[in-house]
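Biologist: I have the structure open and would like to go through it piece by piece. Can you take my questions in turn?

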Amino acid sequence: MLINYVFIAFIVLSSTALLFLRFAAKKDEPDKTEEIDEKKFSIESITEYVKNTLNEITNSNLYDLGLSEEEFRRRARKRAELKRALKECSLGDIHNKAYVKAFIYDLLRQTYGFNEQNINYVIHFEESPRLSSQDKFEILLHVLQKKHKYNALDYMFKKYQLDELKTVTEGEESPSYIVTADEIDHVYRKEVKGLTFEDKLWIIVQRVYQQYKGFGVIDEIRDMNIDGVSGGVSGIPASSVYFGEDGDIYTEQMSKVTIPKDYDSVWVFYKGKSVHLSFLSFGSELELKRVCQNIYKFNNPGQLTEVNGYKVNEMKDGSRVVVVRPNMAETWAFFVRKFDIPNASLEILIDDAKFGNASMVRKLLIYLMKGCRVTAFTGAQGSGKTTLMMAVVKYIAATLPLRIQEMAFELHLRKIYPWRNILSFRETDTVSGQEGLDLQKKTDGSVNILGEVATDPVAAWMIQMAQVASLFTIFSHHAKTFPDLVEALRNSLLKERIFSDEKIAELQVVRVINFDVHLVRDYDGKRYIERITECIPLARDEEYPTDFTEAKSFKEIFRLFAMTMAEYFRRRTDRKTYEYRDIIRYVDGNYVWVNDLSEHNREEMKKHMSATDRREFEEFLASHAKGDAA
């Protein structure tokens, strides 16, 4: 009996041990169901699912579905709308982008099986330490956009002073405008208090969209109300990373700090400042290349190849885009420049709250346009030349047809003034700027506007056109001073062999240009008009003295002839062809009237004004008169 009990106890203990070992082994095995779910709920898998599903929807044969006529038409219309949106959403069209994102949102919510738990597999929304800087930034943009729309980035920069100078790079010795991962983490903790299921899904939709049809990490940034965004402009070019003679030094550097590559380069142009978003990266050179190859495609400008090396184009919302690639550039890079069309008004650009005597500057600019003066808008890149030109066009008489010549469409004057007679031309691969300007003479234009005088042929044609082919001309140029502007245009006339004499070429230039409005963007990104300068030609068509022809004696003939020759050489050498003087100058935050307009320009301006404008113009000049008009 005892033996039986012992035997039974042994069997029970053995069975218990076996069961324990089996369950322990199962516990140690990975949960294959959970592993499959985590793989399914990754950005890569979701993006692939969206691609395949949209491809099936847009390419399926509706005739095979046996639909009624009304249902067939409805589905065909919806599919055509989706196809168009998919084609145009990556061209800078925010409306089609919103449509595609809404479609993806509905698709994922209804068919992908998301719930409150598995949605956190995609991005660790509930575990802040596991979120990357990109995750936090994109969550921040989504949260802030719900209240601030396209001013979300501007709100973030202003409130948390992200555009302040910092010394965090190059051994903390060189100040720069940079936004770091630590700053984004701080803003995230302040602004994000909790996310709903819908918020999380919209953030996932944006991540999928920007990898599928968008512009990667800059997709939402590009839509913000900023001056521009660029990529591929900093970091070590991936193609140049090699171990040569200095390989040991390079290895040592790499071991101490992570050296950014060209694809770790995202910069925004914000209120005149180039700010480096150091926490963002395209992730690979392949992704940077994809963005560069897609961002310029509006209106089919042609392929970006090694042969041409660059493309200048506009996007559907009016942004200018420049793309470069190897071998012309050392890396793939792009530059998107946005123009603030809604705020292109003198009252906003020259604000009384920012500048003393701002109204004085606004009025003078208005009278320059009403007086049909040939005006140059000069300054460095990003100083605001294009935006100011957009604003002053409002004060050109609406009866005058406008013809615009640009390298890429930037002014977009027909969007601002749709009721005016305006036609814009641009350079193409087969039509040069010179040919475009020649064509303008046959299009009934009264006012010619050149978006940028950047080449010698265009500069030469601008001078000729301002002389004979139009009532007046306005244009932009990168000259730093007024003499620089005159010399640059003079040299263009000489290079194009329109003139062979330097003095005669210079005289033609100064007889054409009446005023120069020079804009500045200072160290802190502040933009203002530094000066408005008037050009006053001095040379006159005077005959040389011929008194020697009436002299009686050889000695007198020789003396008078020597005087004539001296006058000839004086005119050919150091005789000034023009004077220039500032009418208004920017001094310590205030605009100051420093000189009166010349009598010649005053009278010429009044000829083109109405009786009311003439009276107001005279009153304006009288209120600022210095008493030294020439």
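Biologist: In what order do the nine strands of the open sheet run?
Modeller: This is a predicted model, so read each answer as a description of that model. The sheet is open and its pairing is mixed. From one strand to the next the twist averages 20 degrees. The order is E11-E10-E12-E13-E9-E14-E15-E16-E17.

Biologist: Which are the edge strands?
Modeller: An edge strand here pairs on one side only. Two strands fit that description. They are E11 (422–426) and E17 (590–593).

Biologist: Which residue is the bridge partner of Glu406 in E11?
Modeller: Strand E10 covers residues 402–406 and pairs with E11. The pairing is in the parallel sense, over five bridges. In E11, the partner of Glu406 is Arg426.

Biologist: What lies over the buried residues of helix H19?
Modeller: H19 (residues 456–468) has 13 residues, which should span 18 Å at 1.5 Å a residue; its end C-alpha atoms are 19 Å apart, in agreement. Its buried residues include Val458, Trp461, Met462, Ile463 and Met465. Alanines are buried there too: Ala459, Ala460 and Ala466. The cover includes helix H18 (433–440), strand E12 (447–450), strand E13 (472–477), helix H20 (482–495) and helix H21 (502–512).

Biologist: Within what arc do the buried residues of H3 fall?
Modeller: H3 (residues 43–59) reaches 24 Å from its first C-alpha to its last, close to the 24 Å expected for its 17 residues. Ile43, Ile46, Thr47, Val50, Thr53, Leu54 and Thr58 are buried. Seen down the axis of H3, these buried residues line one face of the helix, because they fall within an arc of 135 degrees.

Biologist: Which residues are exposed on the other side of H3?
Modeller: The buried residues of H3 include Ile46, Val50 and Leu54. The other side of H3 carries exposed residues. These are Glu44, Glu56 and Asn59.

Biologist: How many residues apart in sequence are the parts that Lys316 and Asp93 tie together?
Modeller: The two form a salt bridge, with the closest N and O atoms 3.0 Å apart. Lys316 is partly exposed at a relative accessible area of 33%, whereas Asp93 is buried at 9%. Lys316 lies in the loop between strand E6 (310–314) and strand E7 (320–324), and Asp93 in the loop between helix H4 (69–88) and helix H5 (94–111), so the pair ties together parts whose separation in sequence is 223 residues.

Biologist: In the salt bridge of Glu126 with Lys200, how far apart are the closest N and O atoms?
Modeller: Glu126 sits in the loop between helix H6 (119–122) and helix H7 (133–148), while Lys200 is in helix H10 (residues 197–212), 74 residues apart. Glu126 is exposed, with a relative accessible area of 53%. Lys200 is buried, with 4%. Their closest N and O atoms are separated by 2.5 Å.

Biologist: Are Arg290 and Glu287 buried or exposed?
Modeller: They form a salt bridge, with the closest N and O atoms 2.9 Å apart. They are separated by about one helical turn, because they are three residues apart in helix H13 (residues 285–294). Under 20% relative accessible area is the cut-off that applies. Both residues are buried.

Biologist: Which residues are linked in a network of salt bridges?
Modeller: Side chains of opposite charge can pair when their charged atoms come close. The count for the model comes to 37 salt bridges. The network links Lys97, Asp219, Glu220, Arg222, Asp223 and Asp317.

Biologist: Which residues is Lys136 in contact with, leaving aside its neighbours within four places in sequence?
Modeller: Lys136 is in helix H7. Its relative accessible area is 9%, so Lys136 counts as buried. With those neighbours left aside, its contacts are Ser128, Leu131, Ile184, Asp185 and Tyr188.

Biologist: What distance separates the C-alpha atoms of Gly371 and His608?
Modeller: Gly371 lies in the loop between helix H15 (358–370) and strand E9 (375–379). Gly371 is buried, with a relative accessible area of 0%. Not counting residues up to four places away in sequence, Gly371 touches Glu604, Met605, His608 and Met609. Gly371 and His608 are 237 residues apart along the chain, yet their C-alpha atoms are separated by 5.3 Å.

Terms used. Residues are numbered from 1 along each chain as its sequence is written. This is a predicted model: local features need pLDDT of at least 70, side-chain atom pairs count only at pLDDT 80 or more; totals for chains, interfaces and linings use all residues. Side-chain values use heavy atoms; hydrogens and water are left out. Helices (H or I, at least four residues) and strands (E, at least two) are DSSP runs, numbered from the N terminus. The expected span of a helix is 1.5 Å times one less than its number of residues. Buried means under 20% relative accessible area, exposed over 50%, partly exposed in between (1.4 Å probe, protein chains only). The arc is that of the directions from the helix axis to the C-beta atoms. Two strands pair if DSSP finds at least two bridges between them. Axes are lines fitted to C-alpha atoms, for helices over the stretch in contact, and angles run from 0 to 180 degrees between N-to-C directions. Contact means heavy atoms within 4.5 Å. A salt bridge is a side-chain nitrogen of Lys or Arg within 4 Å of a carboxyl oxygen of Asp or Glu.
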